[in-house]
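Trainee: Could you walk me through how to read a helical model, one feature at a time?

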Amino acid sequence: MPPSLLQRLPLPLWPPPAATAAPAASARCPFCSSDEDVEHLFLRYTGVATIWHAFGLDEQQIASLPQLEGVWDIPPPGQPATPRVWHTILLAVMWNIWKRRNNKVFNSVDDPASLVLQRCASDIDLCSHRCKNAESKQQLRNWASYLYVTIS
Ligand SMILES: [Zn+2]
């Protein structure tokens, strides 16, 4: 079908849905318009380094995705934690970085790193309530308290 004929189609058939949906399907970072891949999402977003530093990770540990993956296998650099507690904490961080990104994409809201850290602390504290192992429960509470103190 020639374009001229397409353009004479009654709305809403023209423009086609794919054309109007293009911005939402973009792979651009909502913060800086670079390509948004996994490494950019978790390590390059504006303010995301501040979030990782609050958990005791240094520049080297968040320099690339393979290095961040390696962090799952090391003892936590800050408060003590069993591997399972440490993994719960890392998941809370990633979950809240993801939620920050979505708040920007869907609500145009720029959450500061301090708010993301507060949400991490809140989620970690929440996890402690479901934790049946006394040592792990205490470690989660300690991490939450440590973060609350760091933020304030
Ligand atoms: Zn970006």
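Mentor: Let's go from the overall fold to helix packing, then the core, then two odd backbone spots. This is a predicted model, so local features need pLDDT of at least 70, side-chain atom pairs count only at pLDDT 80 or more, and totals for chains, interfaces and linings use all residues. Residues are numbered from 1 along each chain as its sequence is written.

Trainee: How many helices and strands are there in the chain?

Mentor: Helices (H or I, at least four residues) and strands (E, at least two) are DSSP runs, numbered from the N terminus. Here you get eight helices and zero strands.

Trainee: What share of the 152 residues counts as buried?

Mentor: A residue is buried if 20 or more other C-beta atoms lie within 10 Å of its own, exposed if 12 or fewer, and partly exposed in between, with C-beta atoms placed from the backbone. In this chain, 22% of the 152 residues count as buried.

Trainee: Now packing. At what angle do helix 7 and helix 8 pack?

Mentor: Axes are lines fitted to C-alpha atoms, for helices over the stretch in contact, and angles run from 0 to 180 degrees between N-to-C directions. Under 35 degrees counts as roughly parallel, over 145 as roughly antiparallel, 65 to 115 as roughly perpendicular, and the rest as oblique. Helix 7 and helix 8 pack at about 160°, with axes 8 Å apart, so helix 7 and helix 8 are roughly antiparallel.

Trainee: Which hand does the crossing of helix 7 and helix 8 have?

Mentor: A crossing is left-handed if the near helix is turned anticlockwise from the far one by less than a right angle, and right-handed if clockwise. The crossing of helix 7 and helix 8 is left-handed. The contact (C-beta atoms, placed from the backbone, within 7 Å) includes L117, A121 and I124 of helix 7 and L140, A144 and L147 of helix 8. By class, that contact has 11 nonpolar, four polar and three charged residues. For the classes, Ala, Val, Leu, Ile, Met, Phe, Trp, Tyr, Cys and Pro count as nonpolar, Asp, Glu, Lys and Arg as charged, and the others, Gly among them, as polar.

Trainee: And how do helix 6 and helix 7 pack?

Mentor: Their angle is about 135°, with the axes 9 Å apart, and that makes helix 6 oblique to helix 7. The crossing of helix 6 and helix 7 is right-handed. Among the residues that meet are I89 and W95 in helix 6 and C120 and I124 in helix 7.

Trainee: Which residues touch the most other members of the largest nonpolar core?

Mentor: A nonpolar core is a set of buried Ala, Val, Leu, Ile, Met, Phe, Trp, Tyr and Cys residues joined through C-beta atoms within 7 Å. The largest one has 26 residues, and I51, I89, L117, C120 and I124 touch the most other members. Helix 7 gives the largest share, seven residues. Leaving aside neighbours within four places in sequence, L117 is in contact with I51, A54, L147, T150 and I151.

Trainee: Where are S33 and S108, and what is odd about them?

Mentor: S33 has a positive phi of about 65° although it is not a glycine, and S33 sits in the loop between helix 2 (17-21) and helix 3 (38-44). S33 is exposed, with 9 other C-beta atoms within 10 Å. S108 also has a positive phi, near 55°, in a residue other than glycine. S108 lies in the loop between helix 6 and helix 7 (113-130) and counts as exposed, with 8 C-beta neighbours inside 10 Å.

How values were computed
Contact = placed C-beta atoms within 7 Å.
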